[in-house]
Amino acid sequence: MSKRPLLISPSILSADFSKLGDEVKAVDQAGADWIHIDVMDGHFVPNITFGAPVMASIRKSSPKLFDVHLMIAPADPYLHQFANAGADLITVHAEAGPHLDRSLQAIKALGKKAGVALNPSTPISAIEHVIDKLDLILVMTVNPGFGGQSFIAAMLNKIRQAKALVAGRNIDIEVDGGITPETAHSVVLAGANVLVAGSAIFKGTDYAANIKALRVGATSISA
Ligand code: DX5
Ligand code: ZN
């Protein structure tokens, strides 16, 4: 299992958008480690969410790391906007542009941490030659675009491959999609240490209990 700290990154895609700032504050106070921000363009994925101005407006609601998941193509023309809006970590999809290495260099040049997201059908080999530019690998455990989808169990093997590729480097392995206390157990066992969860955290009103349930699920690993 991963020796890196377990981090919970609530996806605000499942928050109540009519009071987004309060929702961010609420998950921060409920014990979130990071805040996961899903940006969708209706082109790379079949859904549209929000852009940098909305993100800037919630920046003051939490000092925690803003984990920005760009599901947009191209991503390069917008990287500076998200950096200026307060992103701490910017993740692009491997297919977001023709020059992934250049995109990662651009994120680093903006002074931000860089991640690459892999769709369920994208092989781990897509990042083999950029591994030393990465702070995070995001293994999508659903097809990106919507919250509330079912976890794709075949991704467990990809998480194990990511862990092997990381080989002790200072790189987080994040999973996103269908994460519940039950699936949290298996993804952490496979090597993930950052858990994104939308519907599992924003359901009901007790966000602290929901986050705690994820931590308990993730760490209840038989030796
Ligand atoms: C999906 C997004 C996820 C989504 C996860 O495209 O990247 O972050 O919000 O939602 P749940 O946890 O409900 O599967
Ligand atoms: Zn996401």
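Here are three short exercises on salt bridges and the ligand site, each with a worked solution.

This is a predicted model, where local features need pLDDT of at least 70, side-chain atom pairs count only at pLDDT 80 or more, and totals for chains, interfaces and linings use all residues. Residues are numbered from 1 along each chain as its sequence is written, chains are lettered from A and ligands numbered from 1 in the order in which they are written, and side-chain values use heavy atoms, with hydrogens and water left out.

**Exercise 1.** Find which parts of the chain the salt bridge between Asp 172 and Arg 4 ties together.

*Solution.* Start with the rule: a salt bridge is a side-chain nitrogen of Lys or Arg within 4 Å of a carboxyl oxygen of Asp or Glu. That gives seven salt bridges. In this one, Asp 172 and Arg 4 meet at 2.9 Å, N to O. Now place the two ends: Asp 172 is in strand 7 (residues 172–176) and Arg 4 in the segment before strand 1 (7–10), so the pair joins parts 168 residues apart in sequence. Strands here are DSSP runs of E with at least two residues, helices are runs of H or I with at least four, and both are numbered from the N terminus. Last, check burial, where buried means under 20% relative accessible area, exposed over 50% and partly exposed in between (1.4 Å probe, protein chains only). Asp 172 is buried at 9%, while Arg 4 is partly exposed at 25%.

**Exercise 2.** Work out whether Asp 132, the partner of Arg 169, is buried or exposed.

*Solution.* First, the contact: the Arg 169 and Asp 132 side chains form a salt bridge at 2.8 Å, N to O. Arg 169 sits in the loop between helix 5 (155–166) and strand 7, and Asp 132 in the loop between strand 5 (113–118) and strand 6 (136–140), so the bridge ties parts 37 residues apart. Arg 169 comes out partly exposed at 31%. Asp 132, at 64%, is exposed.

**Exercise 3.** Describe how the protein holds ligand 1, and say which strand gives the most to the shell around the ligand.

*Solution.* Begin with the side-chain N or O atoms, taking a polar contact as a pair of N or O atoms within 3.5 Å. Ser 11 has a polar side-chain atom 2.7 Å from a ligand oxygen; for Asp 176 the distance to a ligand oxygen is 2.7 Å, and for His 69 it's 3.3 Å. Next, the shell: strand 2, strand 3 (65–71) and strand 8 (194–197) each supply at least two residues. Strand 2 gives the most, with three.

Conventions. Polar contact = N/O pair within 3.5 Å; in protein donor to acceptor, adjacent residues only side chain to side chain.
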